Amino acid sequence: MAGNSINWYDRIMQTGFRNDINTSISGRKGGLNYYWSIGRTSNEGIFDGEKFEALRSRLNLDAKITDWLTVGMNTQFAKRNEGFIAADRGQIERSSPWGSEFDDEGNIRLSPQDDNGAGAVNAFLAQKFNDRIDLDHTFNSRVYAKLKLPLGFSYEIGYTNRLEFQEYYNHALAASPQNVVGSAERKVTKINEWQLDNILRWDKTVDKHSFNLMFLVYGEKFQSYETRARANTFEPSDALGYSALELGTVQIAESEDVTSTGDAMMTRLNYNYDSRYLLTMTMRRDGYSAFGANNKRAYFPSIAGAWTISNESFFNSEFIDFLKLRLSYGENGNRDIGRFTALSKLNANKYLNVDAGGNVITVPTFDNGTQENNALRWERTKATNLGLDFSLANGVVEGSIEAYQNITNDLIVTRQLPNIIGFNNVTTNLGEIENKGLEFTLATQNINRENFQWNTNFNFSLNRNKIRKLYGDLDENGNELDDITNQRFIGQATDVIWGQEAIGIWQTNEAAEAAEYGVFPGDWKIRDVDNSGDFTVEDNVFQGHRSPRFSWAMSNRFTMLKNFDFSFEVYSNWGQKRVFNEAKNRNGFIDRTNSIQTPYWTPDNPINDYARLFSSDGSSSFTIWRDASFIRLSNITLAYRFPKPLLEKLSLQSLRLYANVRNVAVYAPHWDFYDPEPTNIEGRILGDDGDFDTDASLPTPRFFTFGIDLSL
Amino acid sequence: MMRKIIYNYRKAFFSFILILSLAFTGCEEEFLDADPQSFFTPSNALDTPEGLNSLLSQAMRNLRAEFYGDGAPMITENIFSEVSVEGTTDKSGPAQDLNLLILPDARLNSADANRIGWFWEEFYKGIKYANTVIGRLNDATFESDAQKNDIMGRALFHRAYRYYRLTQQFGDVPLILEEITSARLDFVTTARETILRKMQEDLNMAVPMVNAVANNGDINKDAVLHLLTKVNLALGDFDEAIASSSQIINGGTHTLTTDRFGIDADNPEKDVTWDLHRVENKSISGNTEGILVVIDRLGYEDNGDYSGGTSIQRQAVPLWWRFINTPDGQNGMSDAPGIDIDQVTAIGRGIGRNRGTHYSTKEIWKNANNDQRHKLGNWYDMEDLVYNAPSLQSSGNSYYGKNLELYLPNGTPLCSDTIRNWYGFPHYKFFVPDPLNVKPSGGHGDWYVYRVAETYLLRAEAYFWKGNLGAAAEDINVVRRRAEADEITAADVDIAYILDERARELYYEEGRKTELTRIAYIFAKTGKAAYNGKTYSLDNFSTDNFWYDRIMEVTDFYNKGVKTIHGDEYTMSPYHVLWPIPASAINANTQGVINQNEGYPGAENNIPPLTTIPEE
């Protein structure tokens, strides 16, 4: 093996090229406004083979037919291609540098170190031995008509239709060393969703009184139809893959159709007196088919008032240009539940019998896996909001301060049940949670000269939440009981961390004490709260929070010599904790696979924050939490706008060249692993399991962009 | 142009708007009734015999799962007895240091820990299916009373099957006899004996209701009688146990299979013991012995199979393919398929999770003589395997193809982990063809839950408790004769012998912990002196019991200072006779008290269990 080693990081990671081209035209002719755009995106990811392609186009038409009638249509088409397969990034850690991708005959190896049982599998198997189409076509259309009616009335009707086709065809080749037989599937999903809204408005101004009344009637329907056909063990061979499923000797057909409906009615009154006093009152009724039979609809009122102090005659300040005080109270609903959560679902499956003649027969099975909850109802949040908007010194300083208190009742939660019922949980409404917080935004023009401008935007937010009530179960003293099973505690936040606490590492001179807990020097030392010598729920303690205690963001923009723009953005989440079980030092099989080297305890390296290799948890079950506070320099942009005179010669309206870097640097004083933020900076990534990926070992890419904005 | 077109169609346009508006406002209430299209709900599917049967088939699926898959729950039954220990020696977590790991809050349902929690959760699910059928029986219209009775009787079986197991695994547990349709949180514990009495009553009722002959894979009358025999024994009703087991033995529907049959019937190298355990033979007409068989077949992927199959070779065959050297110090073994000496295809790629003890792999076979169950080919000791690494072949090593040796003449071991890598095993039970894996794990195949051999051993036990040792010896000899083992006399019969014979005949079939605990309860309840000279009492069952004493007596792992290569020590305590009630059940039950078993944290909150069943 002299000198022959593979750097799997280099093999698996790549510099991904991304390109994004967007073109649009817009204009107006007679009463017709039009807008058309087309864009193409082709983005490679940071892992070998990772890619995403999209094509989008939009056409908006708005025709003013007469003084009283306008009709229009907005249509959008998009095609997304996700049929690309990335190399298995986990192999950066697990594959041995002394292994090999190919055997002596040049065939691809199942496992670089011939130990696939331990999870060391050739990183490129999936992309080499799968033939995949993964396409998504969407067509969204909205047609509308606006009518002006006499006496200040107007009416608008709109119909929105969304049609989506998802196609997934995959052939896992029998030729893969991972597969014994070939298998293939075709999955086609059609989603059709429509929304219909009718809005009647009445606008009236009498002297300084201005009224705006709105009445809405709305309906929606969602329908999806999914067909999935799978086959494996093809004869004579799997060469035709998903294009000839009928050649498979095992055939599986599945389908799932889903429908849901919703409706709403709303009345809203806006009243404005002399641009000084504003009052908005709303009443709405929302309905959604997923709630329990008796509770599909709910009413949500709200009221808001604002006082523009700076418009008062008595207000006479040179310094303050604008000052507005806002106060609102509103109730709103949350319907974020599965479409059939309230029902008891009989999961149908099959079991086998053998009859007297020795023939195998399949028999149907029903698993009543969920409990019915006819009482399931809308989650309701009562939000009170107090805000102040201001602008000072001719707009040099602008900002707002906002304080809020949201009280959420009837939270929709999955409640753990005593599992002896045979149902593990039920979706139900519970208790009361209070969220209160403060948000502060400030925009300043620090310097405003002809050849140099500097603007800063800053915002700060913090939120505190607290469970005020649960199910109403009381203890003997009349105090409400905590829900330990679901880790919900009266008076604590919903994201509080509660569990057995790792407080350090047992050191060599503590061997005897460690032995009492069945562990050894180098293992984690757990706080034995009740000094009982064992670990139970009595030893659990609160250990901070999962979400940031406060966040802030700041952006600075400099304009130099009229045509150069420079800007940078910084943001920070502070005070949140994340799981860091890597500190247990037993990720995978240390003796069989490669693994990320984290610091580890030895008698000669008696550290207190990482355990020995392959440490033991003893009888405790605990999670290591680390502070994941960070400050990120998220964006630096430099742009050049071509000057007008030059553009005129070239018959251009505008031309801008820019370069930008995202995810420039991150400072995380207590976090020493992959990115402290468990998400991609472009947003959360949907994992294969349908959940959002919050993998601690997901690196965040750094993006470099060069762009041209051109207007003709 | 456009303007003109729209002008022309203005009437139509307004009508369209009007219709849409009316269509929407017209369908008020019904509009939000979006019914499920792709699944059934209890209200539209459980009011027919077919719907109720589907729940009972689900109960069978649920029952089947104990014997299949990675970290099969049945392994936990084995390691809490004399026959096996947890052999996954390269990490902490598997149930080895029981004093440390077996706690109410610990990981109780994982292949990497143990499956105590699986039994708790899944058995209560089985009870739910049965209760749902019993409670909804009168909603359905049946073709005949016989059909109705058969459904009811099988539901009673399923419920009793779970409660019999739960009461031997956990002792006193909550007794639920109805479908729970609300978020109830006020359960309490009922005494083991009270539960068993109710199950005895139910099973006696079910015996005449259930069809004598049913499809393989489902419940028949003899299965009910077999379970009733166990419940009778657990209650100390030995005469009733003799009666119920005799009903099977004399009934003629199921008999001990003594003649060659099935796929290998013409192979003179094999014998009836081999035939009996071929997965291809467990549900064919030549097999008269299987009373209750669970079905899993290749080719029924997502269509009734157990995904992945038995996985039994992976679980129970030793990890023979690593860490074994030739006497001249070369790596001796290979699990590559298709090599000249292809041992992996022959015996499977074991990982030694279910490690047979010296007791079950050596001690009970001391006088095996012609016993088919220990015959070479049916049984393999490590010394029956050969060095097969291709590197030995290519280097011309003289040990290639020779039988394994454990020690050099000077006593140096040639295997670095004799816990996980070196023990004998019954190939005749574990050989389940696995064409889907190039390195077989043990594939799809049927598994015995109850068979007549156990019926004989249960009746032998009942005779033993009655003091009729002659009849006990004769029942044991029926089983031994079939295996060509030497016959015994009445003088040989004691509970130790019955347990030995069960281990020989029913290894990896019986729930060993369940049965050993049942016997420990009988000693405690009857006060009868055990062969070890001790008597036991229910008063201090968790501190002094036969289950613990028996394991300490015959096994060489627990509390003997044995440590895995990872450094975990095998420990066990008398209170492990009853498993911990999972804390999740106790914690979620905020309005009642589910008792914890003694010896585990939380038992101090216990209240006396119910000894009667409250009238509804």
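# Exercises on a predicted two-chain model

B:Asp150 has a relative accessible area of 10%, and is therefore buried. The model is predicted, and every value below is computed from it.

## Exercise 1. A salt bridge inside a helix

**Task.** Find the salt-bridge partner of B:Asp150 and the closest N to O distance, then state how the two residues are placed in helix 8 of chain B.

**Solution.**
1. The partner is B:Arg154, and the closest N and O atoms of the pair are 3.2 Å apart. The cut-off for a salt bridge is 4 Å, so the pair qualifies.
2. Both residues belong to helix 8 of chain B, which covers residues 145-169. They are 4 residues apart there, which means a separation of about one helical turn.
3. B:Arg154 has a relative accessible area of 5% and is buried. B:Asp150, at 10%, is buried too.

## Exercise 2. A salt bridge between distant parts of the sequence

**Task.** Determine which parts of chain B are tied together by the salt bridge of B:Arg550 and B:Glu82, and classify each residue as buried or exposed.

**Solution.**
1. The N to O distance between the side chains of B:Arg550 and B:Glu82 is 2.9 Å.
2. B:Arg550 sits in helix 23 (residues 546-554) of chain B, while B:Glu82 sits in the loop between helix 5 (73-79) and strand 1 (84-86), so the bridge ties together parts that are 468 residues apart in sequence.
3. The relative accessible area of B:Arg550 is 1%, and that of B:Glu82 is 0%. The cut-off for buried is under 20%; B:Arg550 is therefore buried, and so is B:Glu82.
4. The pair also belongs to a network of salt bridges. Its other members include B:Lys230, B:Glu454, B:Asp500, B:Arg512 and B:Arg518.

## Exercise 3. Accessibility of a pair in chain A

**Task.** Give the accessibility class of each residue in the salt bridge of A:Arg557 and A:Asp565.

**Solution.**
1. In this salt bridge the closest N and O atoms are 3.4 Å apart.
2. A:Arg557 has 42% relative accessibility, so it counts as partly exposed.
3. A:Asp565 has a relative accessible area of 6% and is buried.
4. For context, the whole structure holds 93 salt bridges over all chains.

## Exercise 4. The interface of chains A and B

**Task.** Describe the interface of chain A and chain B by its contacts, its buried area and its polar pairs.

**Solution.**
1. In chain A, 93 residues are in contact with chain B, and 93 residues of chain B take part on the other side.
2. The two chains bury about 7,800 Å² between them, with 61% of this area on carbon and sulfur atoms. On the side of chain A, the most area is lost by A:Tyr351, A:Phe366 and A:Ile420, which together make up 11% of what that side buries.
3. The interface has 1 salt bridge. It joins the side chains of A:Arg230 and B:Asp302 at 2.5 Å, N to O.
4. Polar contacts link 22 residue pairs between the chains, both residues being at pLDDT 80 or more. Strand 9 (residues 248-273) of chain A gives the most to its side of the interface, with 11 residues.
5. By residue class, that side of chain A has 45 nonpolar, 30 polar and 18 charged residues.

## Exercise 5. The surroundings of A:Asn232

**Task.** Locate A:Asn232 in chain A and list what it touches.

**Solution.**
1. A:Asn232 lies in strand 8 of chain A, residues 209-234.
2. Its relative accessibility is 9%, so A:Asn232 counts as buried.
3. The side chain of A:Asn232 makes a polar contact of 2.7 Å with that of A:Thr233.
4. Residues up to four places away in sequence aside, A:Asn232 touches A:Val181, A:Gly182, A:Ser183, A:Gly248, A:Thr249 and A:Val250, and also B:Glu301 of the other chain.

## Exercise 6. Nonpolar cores

**Task.** Name the residues with the most contacts inside the largest nonpolar core and trace the contacts of B:Phe546.

**Solution.**
1. The largest nonpolar core has 181 residues, and the most contacts inside it belong to B:Phe157, B:Tyr163, B:Tyr508 and B:Phe546.
2. Beyond its neighbours within four places in sequence, B:Phe546 is in contact with residues including B:Ile495, B:Leu499, B:Leu516, B:Phe523 and B:Tyr536.
3. Apart from this core lies another one of 19 residues, among them A:Val519, A:Trp524, A:Ile624 and A:Trp671.

Note on methods. Residues are numbered from 1 along each chain as its sequence is written. Chains are lettered from A and ligands numbered from 1 in the order in which they are written. This is a predicted model: local features need pLDDT of at least 70, side-chain atom pairs count only at pLDDT 80 or more; totals for chains, interfaces and linings use all residues. Side-chain values use heavy atoms; hydrogens and water are left out. Contact means heavy atoms within 4.5 Å. Buried area is the accessible area (1.4 Å probe) that two parts lose on being put together, summed over both. A polar contact is a pair of N or O atoms within 3.5 Å; within protein, one must be able to donate a hydrogen and the other to accept it, and residues adjacent in sequence count only if both atoms are side-chain atoms. Ala, Val, Leu, Ile, Met, Phe, Trp, Tyr, Cys and Pro count as nonpolar, Asp, Glu, Lys and Arg as charged, and the others, Gly among them, as polar. A nonpolar core is a set of buried Ala, Val, Leu, Ile, Met, Phe, Trp, Tyr and Cys residues joined through side-chain atoms within 4.5 Å. Buried means under 20% relative accessible area, exposed over 50%, partly exposed in between (1.4 Å probe, protein chains only).
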